[in-house]
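Reader: I have a structure open and I'd like to go through it step by step. Can we start right away?

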Amino acid sequence: MIVADKKPVEEIIEYVKDCEKILILGCNECVTVCEAGGKKEVGVLASTLRMYFANHGHSDAVVDERTLERQCDHEYLEEIRDIADQYDAIVSIACGVGIQFTAEKYHSVPVYPGVNTSFLGVTEQRGLWTERCQACGQCILAHTGGICPVARCAKRLLNGPCGGSSKGKCEINKDLDCAWQLIIDRLKAIDRMDLYEKFFNIKDWSTDRAGGPRKVAREDVQI
Amino acid sequence: MRLTYPTSFRIIRVPCTGKVDVQHMLRALEKGADGVCIIGCMEGECAYKTGNYRARKRVEQVQRILKAVDIDPERAQMYNLSSSDGPLFGKYAEEMDERIRKLGPNPMKSVQKSAA
């Protein structure tokens with residue numbers, strides 16, 4: 001999922017302090033799971049802003065709450081078509097994708113971010129999310145025992161650990177596992193160390209972010 | 001024991017303080033409650049193991065939010081006591097009542113009155 005973290009409320013207040021009517025727009029997907037932008041967080045942020053406005057002599061300011069199923073699809077964003085124009089600002093607490101798509105669809109309403117979008121990751125435990133994928137566009141997990149050196153090695157090394165790997169940990173941080181240690185341990189566990197010895201073609205980085213914004217176009221599912 | 005506690009207290013019973021969310025505390029304060037006091041079991045004695053620890057963290061979160069909107073964070077408090085300790089409950093209630101009286105009414109109250 002896409003992992004995001006809450007923005008400091010002071011920063012959000014700074015964006016909207018001069019607005020009269022604000023919509024806090026949440027998303028029911030990834031940001032709900034990482035407890036940054038779901039219905040509950042919408043309620044907390046709306047309450048906070050209402051208290052801020054009331055306490056600063058701006059008690060006629062209106063802060064409404066809405067949580068959409070997703071903010072990255074036309075069909076769900078259409079649900080606010082009739083009301084979006086009434087607002088001076090929308091604070092979207094979806095991921096960066098949702099925030100941008102909301103801004104694209106409602107061109108004349110300012111849309112502000114309420115979260116910092118962080119990475120593609122997993123919930124390791126409640127309150128702890130860690131990165132797993134960098135969406136490089138050419139998946140090599142088949143050769144690396146299902147552990148990604150692009151996302152999990154600090155140097156994105158593709159041919160084994162560097163000299164900084166010590167006792168299974170990375171040189172940049174003693175708490176960080178060396179991705180290649182994990183890969184080798186896993187290859188041994190599945191009895192596929194032959195993959196470690198095998199030569200692979202040079203990775204095609206043209207599908208990575210360096211080539212500019214990417215797209216996936218699939219004619220088979222297009223209407 | 002015929003113990004007393006301040007009449008300003010309104011008790012809301014919950015199955016565990018772990019059930020109390022940030023949103024509940026904020027809504028109470030937003031609607032004009034002068035303070036919110038969460039009273040949970042002793043630390044380490046939660047029947048659900050971590051409910052009271054969660055509640056404490058949430059109270060701290062509410063305090064941070066109150067600070068950000070220029071409302072005294074002391075309006076949200078967390079206490080721990082054993083369920084059989086009536087005298088201590090009375091003492092904490094008195095303490096909370098006193099603290100809130102020093103702070104004065106919740107600024108949200110005047111806003112709600114003027115709106116009405």
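Reader: How far apart are the centres of domain 1 of chain A and domain 2 of chain A?
Author: This is a predicted model, where local features need pLDDT of at least 70, side-chain atom pairs count only at pLDDT 80 or more, and totals for chains, interfaces and linings use all residues. Residues are numbered from 1 along each chain as written, chains are lettered from A and ligands numbered from 1 in the order written, and side-chain values use heavy atoms, leaving out hydrogens and water. Chain A is split into domain 1 (2–119) and domain 2 (137–202), with bounds from an automatic or database domain assignment. Taken over C-alpha atoms, their centres are separated by 39 Å.

Reader: Which residue stands opposite A:Gln125?
Author: Look at strand 6 (residues 115–125) and strand 7 (residues 128–133) of chain A, which pair in the antiparallel sense over five bridges. Strands here are DSSP runs of E, at least two residues, and helices are runs of H or I, at least four, numbered from the N terminus; two strands pair if DSSP finds at least two bridges between them. The hairpin has two residues between the strands, and A:Gly127 takes a positive phi near 85 degrees. Opposite A:Gln125, in strand 7 of chain A, stands A:Leu128.

Reader: And what stands opposite A:Cys170?
Author: Strand 8 (residues 169–170) and strand 9 (residues 173–177) of chain A pair in the antiparallel sense over two bridges. A hairpin joins them through two residues. The partner in strand 9 of chain A is A:Asn173.

Reader: How much area do chain B and chain A bury between them?
Author: The contact (heavy atoms within 4.5 Å) takes 19 residues from chain B and 18 residues from chain A. Buried area is the accessible area (1.4 Å probe) that two parts lose on being put together, summed over both. Of that area, 58% is on carbon and sulfur atoms, and the total is about 1500 Å².

Reader: Which residue of chain B meets A:Glu65 in a salt bridge?
Author: A salt bridge is a side-chain nitrogen of Lys or Arg within 4 Å of a carboxyl oxygen of Asp or Glu. Within chain A, A:Glu65 forms one with A:Arg50, the closest N and O atoms being 2.9 Å apart; that pair links helix 3 (residues 39–55) to strand 3 (residues 62–68) of chain A, 15 residues apart in the chain. Between chain B and chain A the count is three salt bridges. In one with A:Glu65, at 2.7 Å from N to O, the partner is B:Arg27.
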